[in-house]
Amino acid sequence: MQAYTVEQVAEMLSVGRDKVYFLLRTGQLKSIKIGKLRRITDRHLAEFVSSLEAMDEA
């Protein structure tokens, strides 16, 4: 399992850091906390992308 920083996820999704924090705050993107560090796992990313695809197909 991989765990990414907010900055890494923003780069992967081609969005800004603020957008990733918005997605986390609204619960659209899940994450884990390790101490004070926020990390997004590859599973969280896959679930997020799947939810976008499901919305697109509806």
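These legends go with four close-up views of a predicted model.

**View 1. The largest nonpolar core.** Eleven residues build this core: Y4, V6, V9, A10, V20, L23, L24, L29, I40, L45 and F48. Helix 1 (6-13), helix 2 (17-25) and helix 3 (42-57) each chip in with at least two of them. Zoom in on V20 and, skipping its neighbours within four places in sequence, you find it in contact with V6, V9, A10, V15, L29 and I40.

**View 2. Helix 3 and its buried face.** With 16 residues at 1.5 Å apiece, helix 3 should span 22 Å, and its end C-alpha atoms sit 23 Å apart, which agrees. H44, L45 and F48 are the ones to look for here, as they are buried in this helix. Looking down the axis of helix 3, the buried residues fall within an arc of 100°, so they line one face of the helix. Their cover includes strand 1 (3-4), helix 1, helix 2, strand 2 (32-34) and strand 3 (37-41).

**View 3. The salt bridge between E7 and R17.** Two salt bridges turn up in the whole structure, and here the side chains of E7 and R17 make one of them, at 3.5 Å from N to O. This pair ties together distant parts of the chain, with E7 in helix 1 and R17 in helix 2, ten residues apart. E7 counts as partly exposed at 41% relative accessibility, and R17 counts as partly exposed at 43%.

**View 4. The salt bridge between R43 and E47.** R43 pairs up with E47 in a salt bridge, with the closest N and O atoms 3.8 Å apart. These two are four residues apart in helix 3, so about one helical turn separates them. At 41% relative accessibility, E47 counts as partly exposed.

Definitions and conventions: Residues are numbered from 1 along each chain as its sequence is written. This is a predicted model: local features need pLDDT of at least 70, side-chain atom pairs count only at pLDDT 80 or more; totals for chains, interfaces and linings use all residues. Side-chain values use heavy atoms; hydrogens and water are left out. A nonpolar core is a set of buried Ala, Val, Leu, Ile, Met, Phe, Trp, Tyr and Cys residues joined through side-chain atoms within 4.5 Å. Buried means under 20% relative accessible area, exposed over 50%, partly exposed in between (1.4 Å probe, protein chains only). Contact means heavy atoms within 4.5 Å. The expected span of a helix is 1.5 Å times one less than its number of residues. The arc is that of the directions from the helix axis to the C-beta atoms. A salt bridge is a side-chain nitrogen of Lys or Arg within 4 Å of a carboxyl oxygen of Asp or Glu.
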